[in-house]
Amino acid sequence: MLAMERFHITVPASTANLGPGFDSVGMALGKYLELTVEPAERWSFVPLTQEVALIPQGTDNMMYEVAKHVADKFDVSLPSARVEVKSNIPLARGLGSSASAIIAGIELANQLCELTLSNEEKIRIASLLEGHPDNVAPTVNGGIVVGCHTEAKTYTVSIVPKDVDVVVVIPNYELKTDDARNALPSQFSFKGAVEASAVSNVLTGALLIEDWKTVGEMMEQDSFHEPYREQFVPELSFVRRKAKDFGAFGTALSGAGPTVLCLVEKGRGEELAAALAPSLTHCLVESIQIDVNGVSVETATNEHA
Ligand SMILES: Nc1ncnc2c1ncn2[C@@H]1O[C@H](COP(=O)(O)OP(=O)(O)O)[C@@H](O)[C@H]1O
Ligand SMILES: N[C@@H](CCOP(=O)(O)O)C(=O)O
């Protein structure tokens, strides 16, 4: 009999920006990337759900590349593993699937190399890899995180929202984050930056005191990215109008899109989803939980003959 340590890693999805919190504000959502890991002679990633059916199955998988990067950074060797992968996070839809994969890779190295990384260290490593903390920080901590990342340091402030429901409209087409970033301007006027950051500052203040009416108004006044990206997502203006008529607080592009996200009064998420769905038959329209736990690990000892 061989006693073999298996473990499970669960990583939530995330929505970034909430409108004007571009590259800085994000929230963890209740869709999950789940890994079941066991030691093996060589690396393999075994996809078990449709969303991850096409991910690379060997050491060309992003989760391995990140795990190897972390092991090298700490100058330790990375034991090989067989990894079963389940996910219900759709890829390239603005729900942070790549951030979840980065955090999964960091957690793989953390567990396999016994690094005992703190959440702060995971967020720092992930922000250096992703270039911004808005998806990776809530993916690690759960809830809403307001972050600021520079080459020198990554700052985060966590908020645990209670009194709001979230609805996502997920179109049936992909939009790669890199492509959506390429549509952004390389320059921003001083006046434009002052105005846009004031909107973002009020968003953050309102999030802290859960003033959802003001959060919703600020969500709809972004000038950092949505004006340049809405051309790719015709659903945004339609959902914004419908949700406003319904009485939702506000609507924004989720991350780089194409998913559109609405915030609505607690208890009315299902009702809003039902109101939006009939006119959006090419989209998945869902009321979704806010994840408040962030990445988690469960160990289990299995007996193998
Ligand atoms: N679990 C995963 N394993 C390997 N690669 C992944 C995984 N999840 C996402 N990816 C990679 O990330 C890409 C999507 O990233 P991106 O364009 O940033 O969109 P988003 O993060 O909004 O889903 C996918 O096309 C795939 O290459
Ligand atoms: N701040 C980033 C967030 C990208 O999120 P994703 O889920 O679309 O990868 C951006 O807006 O580019």
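In this predicted model, the shell around ligand 1 is built from both parts of the chain, with at least three residues drawn from each of domain 1 (2–160 + 291–304) and domain 2 (164–288). The shell counts 19 residues, of which M62, S97, S98, A101 and T177 come nearest to ligand 1. When the residues around ligand 1 are sorted by class, 10 are nonpolar, seven are polar and two are charged. Two helices, α1 (62–73) and α2 (97–112), each supply at least two residues of this shell, and the largest share, four residues, comes from α2.

The two helices that contribute to the shell of ligand 1 also pack against each other. Two packed helices are in general described by the angle between their axes and the distance between the axes. For α1 and α2 the angle is about 45 degrees and the axes are 7 Å apart, and the two helices are therefore oblique to each other. The crossing that α1 and α2 form is right-handed.

A second ligand is surrounded by 16 residues, and among these A16, G94, T177, G255 and A256 come nearest to ligand 2. T177 is thus listed among the nearest residues for ligand 1 and also among those for ligand 2. By class, the shell around ligand 2 holds four nonpolar, nine polar and three charged residues. As for its origin in the chain, the shell around ligand 2 takes at least three residues from each of domain 1 (2–160 + 291–304) and domain 2 (164–288).

Two annotated spans can be followed along the chain. An unreviewed UniProt entry places the feature "domain: GHMP kinase N-terminal" at residues 61–143; over this span the chain is 55% helix and 8% strand, and the end C-alpha atoms are 28 Å apart. For the feature "domain: GHMP kinase C-terminal", UniProt, again in an unreviewed entry, lists residues 206–276. In the model, residues 206–276 are 49% helix and 14% strand, and the C-alpha atoms at the two ends lie 26 Å apart.

Further helix pairs were examined in the same terms. The axes of helix α9 (residues 235–246) and helix α10 (residues 269–276) come within 10 Å and cross at roughly 130 degrees, which makes α9 oblique to α10. Their crossing, that of α9 and α10, is right-handed. Helix α6 (residues 190–208) and helix α7 (residues 212–219), by contrast, pack at an angle of about 155 degrees with their axes 8 Å apart, and this angle makes α6 roughly antiparallel to α7. Here α6 passes α7 in a left-handed crossing.

Two details of the backbone remain to be described, and both concern loops between strands. Most residues other than glycine have a negative phi, and most peptide bonds are trans. Against this background, D23, although it is not a glycine, has a positive phi of about 65 degrees; this residue, D23, lies in the loop between β1 (2–16) and β2 (25–39). The other detail is a cis peptide bond, with an omega of about 10 degrees, which joins G257 and P258. P258 is placed in the loop between β8 (250–253) and β9 (260–265).

Terms used
Residues are numbered from 1 along each chain as its sequence is written. Chains are lettered from A and ligands numbered from 1 in the order in which they are written. This is a predicted model: local features need pLDDT of at least 70, side-chain atom pairs count only at pLDDT 80 or more; totals for chains, interfaces and linings use all residues. A residue is near a molecule or strand if its C-beta atom, placed from the backbone, lies within 6 Å of it. Ala, Val, Leu, Ile, Met, Phe, Trp, Tyr, Cys and Pro count as nonpolar, Asp, Glu, Lys and Arg as charged, and the others, Gly among them, as polar. Domain bounds come from an automatic or database domain assignment. UniProt positions are given in the numbering used here, feature names are shortened, and annotations may be inferred rather than shown by experiment. Axes are lines fitted to C-alpha atoms, for helices over the stretch in contact, and angles run from 0 to 180 degrees between N-to-C directions. Angles under 35 degrees count as roughly parallel, over 145 as roughly antiparallel, 65 to 115 as roughly perpendicular and the rest as oblique. A crossing is left-handed if the near helix is turned anticlockwise from the far one by less than a right angle, and right-handed if clockwise.
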